[in-house]
Amino acid sequence: MSEVRCLNCLKRFLVPLKTEVMACPYCKTKYRISWPTPNQAKVRGLA
Amino acid sequence: MLAIDPEKCTGCRLCETACSIHHEKTCSPERARIRVTKWENEGIYIPMVCQQCDIPICETVCPMQALRRDTKTGALIIDYKLCVGCKLCMQFCPFGGIGVNEETSKIIKCDLCSGDPVCVKFCKPEALQYLQVIALNLKKRKAAAEKFSKYLKQMLTAL
Amino acid sequence: MVVNRKIAYINLSTGKITQKIVPKTLRTLYLGGRGINMYLLYNHLSPKIDPLSQNNILFVGAGLLGGIPCLGSGRCDIAAKSPLTGAVGDSNIGGFFAPELRFAGFDHLAITGKAEEPVYLLVRNGQVHIREATHLWRKDTFETQTIIREDEDDEDIKSLVIGAAGENLVRFANVRTGRKNSAGRTGLGCVMGSKNLKAIAARGTNPLEFSHPDDLLEYCRQMNDMITSTRWAKAQSRWGTMIIYSNTNTAGLIRTRNFQLNQLEKGQDLEPENIDRYSIGTSGCYGCAVHCRHRYILKSGSFAPLYGEGPEYTSLGAFGTMVDCRKMETILVANHLVNKYGLDTLETGGLIAWAMELYEKGIIDNNMTDGLKLEWGNEEVLYELIRKIAYREGFGDKLANGFREAIDKIGKGSEYYAIQIKGMSNLHSDERPTPSFALGIATSTRGADHLRSRPAIDMYGLPADLLKEIYGGPVAADYNSYDGKSRMVWWQELLYAVTDSLGICKFQTVFCAVHAPQWKEFSRLIQLATDFKFSKDQLMQIGERIYTTERLFNLREGFSRKDDDLPKRYFKEPTPIGLPVARNKVIDREKFSEMLDEYYKLHGWDSMGVPTTKTLKKLALTKKPTNLL
């Protein structure tokens, strides 16, 4: 799991390793996710 | 051994700087035991350092037998009590692994920092690693096999 | 280490070269790098000189900590009166030049006068030589460096050079070193061109000494661990500064089509991850464990094959979102072109985007643009216009003196569309949803500029308590808010003034990561390297002295509160798209004005932005400018 910050509500949520698309559980904004390191996720763009 | 992976080197020269401060107490790439050789216009960076050869030419040509091997680390060490500074070792080394401190005329070369090389500690991209020879071989083998396995997988899925 | 460092005064008109020791007292007041450059700029320049005259002085300064093995300690600061803005001209450059200058025995250079024929300077082991450079004139920024190395038969020479833009006195020509590094902003390459100075080359074998080498080495190792353990550095190590695009474009904080939109829709090809298609690895500046730029190869297309480095987030906006070009390849080509010609990427992109909007609005037409169709997303026009600016051809010549003159020449209400402050283009960031950034670009001493303060820490959803702890006073956690944002801008301005004076990289302090080295760590590094002892408060006061000196320079040149303002569109046109947090936002005129008041107060300046007598006294700036050195 890696933590990602929602770019809309700024809350943090956990992303399971290797996940490529995930919605923020709080505000439901849906993101594409990428992995600069195998253990660190970041938002790539809107899904 | 001090293993070099030029593909990972970013050319930042932290290894040089750290090496010179550790050994010479000053920042002076000229006096570092390790140097990054660059082809700036092509983006190629290769750290060059003594390879601690099994059949060391430097030791062979030294008229004073001032080079001896550290049994613990395998590094070739200069005995400064014997060294006369003739620079034959420098001239014969095929890697440019031996240098001279211009100020003191002292011959300088990598001594593997008694088994804990400072340059490795400063190399975040891990272009420099301090490994057992067997471990390095295993690493290289595995990296090559991984590439091979990708091709195999592609072939299998194509079938 | 410190007391024996030298400055060389070089008069290109007379050929006279004088060397002096940088006094210790000056170090305690201004450290080095940008700090000492700002002191020199304020004290050595006569007021209101023509920036392109012989009287302008180009200052080159290495940082106080230049050469230490951590935090990208190879930064070099270059300064002069800006030919673009008429205000403080100052730009910071990475790469390997500054340490080489130090190994050559100098920390600072002050170059005045004008050479009759093209020359370059060679600074080598305690000596400065003026060399003939007619054969280098018209060579691009890459060739120039190679030829100097061949001429001097020394591959280890590092040079600051100018390209076609500097030679042709484009007002936003930059100074370059290596394949990628640029002192991009405020037109310092133009100042070099005006002096017939093609390059400054350095080479030295003198060691740098430190007060406590063993402890310094160990602490530097810890500093590298500290910065590389941050999430920001890990992502930046992988994809460079372009990673900012993932956040700003996704949210809607990025100028698109000049200033019409705040997000590039269908901008997926510009995502930093796509650099992997072209990258052969990353590259680091001197002493940097983060290595934020890519080494890339373009194998196809009309400019192929080419090898380049970068691109930065800045170029992604300059040649991507702002001009609505949506291909990574366009960015890579344009980045290569501006580097080759020696143009500031940001100013060039900003002007072209503005021209494209004017073309769309019918304010300019084919007659003015030499038949070039300045349509959004037309990359061929983009490349051609970059070339025309560098060589001052046709419409390029109209843009080559920057926004102020271009607005005068074009007229017809074109000023409204120009996203510039004090005559300098803004970054491609859209600050309407972020009042802190808006204040930062308005107050920056060198014109619209994100790097004087870049107050980004409130964008991470951090608790207000933590922000208060960092900034020493209340700062609203919400980045849309105006509350406490003046404090953020002020604090970051002081921090970066000191960072630039130490010669370390801004990315490796509190820039985009909270848990990065700052005052306490700087204090320890300075002590171990030089034995100077500065507390956090003392360092902040040095930052204040540097920033206030820059302010005094600008006031003397006629700038005032009215110039610390935003383009009108920030107050009038709400952001049309983006996530809710960034949509439908404008800057509130009244709240902006209040922020400005608070900001002046924090600096100890009066309501017109003039430093008070009390402040000048506190900062030891009461004396009339004198040539102390």
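Two residues are in contact if their C-beta atoms, placed from the backbone, lie within 7 Å. With that in hand, let's work through some exercises. The model is predicted, so local features need pLDDT of at least 70 and side-chain atom pairs count only at pLDDT 80 or more, while totals for chains, interfaces and linings use all residues. Residues are numbered from 1 along each chain as its sequence is written, and chains are lettered from A and ligands numbered from 1 in the order in which they are written.

**Exercise 1. Find out which chains touch.**

Step 1. Start with chain A and chain B: they do not touch, and their nearest C-alpha atoms are 13 Å apart.

Step 2. Now turn to the two pairs of chains in contact; of these, chains B and C share the most contacts.

Step 3. Where chain C meets chain A, chain C gives 17 residues and chain A gives 16.

**Exercise 2. Describe chain A and chain B.**

Step 1. Look for helices and strands, which are DSSP runs numbered from the N terminus (helices: H or I, at least four residues; strands: E, at least two). Chain A has zero helices and five strands. Chain B has five helices and nine strands, in the order β-α-β-β-β-α-β-β-α-β-β-α-β-α from the N terminus.

Step 2. Add the dimensions along the principal axes. The C-alpha atoms of chain A fill a box of roughly 25 × 15 × 15 Å, and the C-alpha trace of chain B spans about 70 × 30 × 25 Å.

Step 3. Check burial. A residue is buried if 20 or more other C-beta atoms lie within 10 Å of its own, exposed if 12 or fewer, and partly exposed in between, with C-beta atoms placed from the backbone. In chain A, 30% of the 47 residues are buried; in chain B, 38% of the 159 residues are.

Step 4. Consider contacts between residues at least 6 apart in sequence. In chain B, 54% of them join residues at least 24 apart. In chain A, residues 24 or more positions apart account for 16%.

**Exercise 3. Test the length of helix H5 of chain B, and say how covered it is.**

Step 1. The expected span of a helix is 1.5 Å times one less than its number of residues.

Step 2. H5(B) runs over residues 133-158, so its 26 residues should span 38 Å, and its end C-alpha atoms are indeed 38 Å apart.

Step 3. H5(B) is hardly covered, with zero buried residues among its 26.

**Exercise 4. Follow helix H8 of chain C to chain A.**

Step 1. On the side of chain C that touches chain A, helix H8 (231-239) and helix H9 (243-251) of chain C each supply at least two residues. H8(C) gives the largest share, five residues.

Step 2. Sort that side of chain C by class: seven nonpolar, five polar and five charged residues. Here Ala, Val, Leu, Ile, Met, Phe, Trp, Tyr, Cys and Pro count as nonpolar, Asp, Glu, Lys and Arg as charged, and the others, Gly among them, as polar.

Step 3. H8(C) is mostly covered, since eight of its nine residues are buried; among them are C:Trp232 and C:Trp239.

Step 4. Those buried residues pack against strand E4 (30-37) and strand E5 (40-46) of chain A, together with helix H7 (213-228), H9 and strand E14 (279-283) of chain C.

Step 5. After H8(C) comes C:Gly240, with a positive phi near 80 degrees.

**Exercise 5. Examine how two helices of chain C cross.**

Step 1. Axes are lines fitted to C-alpha atoms, for helices over the stretch in contact, and angles run from 0 to 180 degrees between N-to-C directions.

Step 2. The axes of helix H16 (residues 435-443) and helix H22 (residues 589-603) of chain C come within 11 Å and cross at roughly 65 degrees.

Step 3. List the residues that make the contact: C:Pro435, C:Ala438, C:Leu439 and C:Thr443 of H16(C), and C:Phe592, C:Met595, C:Leu596 and C:Tyr599 of H22(C). By class they divide into seven nonpolar, one polar and no charged.

**Exercise 6. Locate the domains of chain C.**

Step 1. Domain bounds come from an automatic or database domain assignment. For chain C it gives domain 1 (6-203), domain 2 (240-414) and domain 3 (435-618).

Step 2. The C-alpha centres of domain 1 and domain 2 of chain C lie 26 Å apart. Their contact takes 34 residues from domain 1 and 24 from domain 2.
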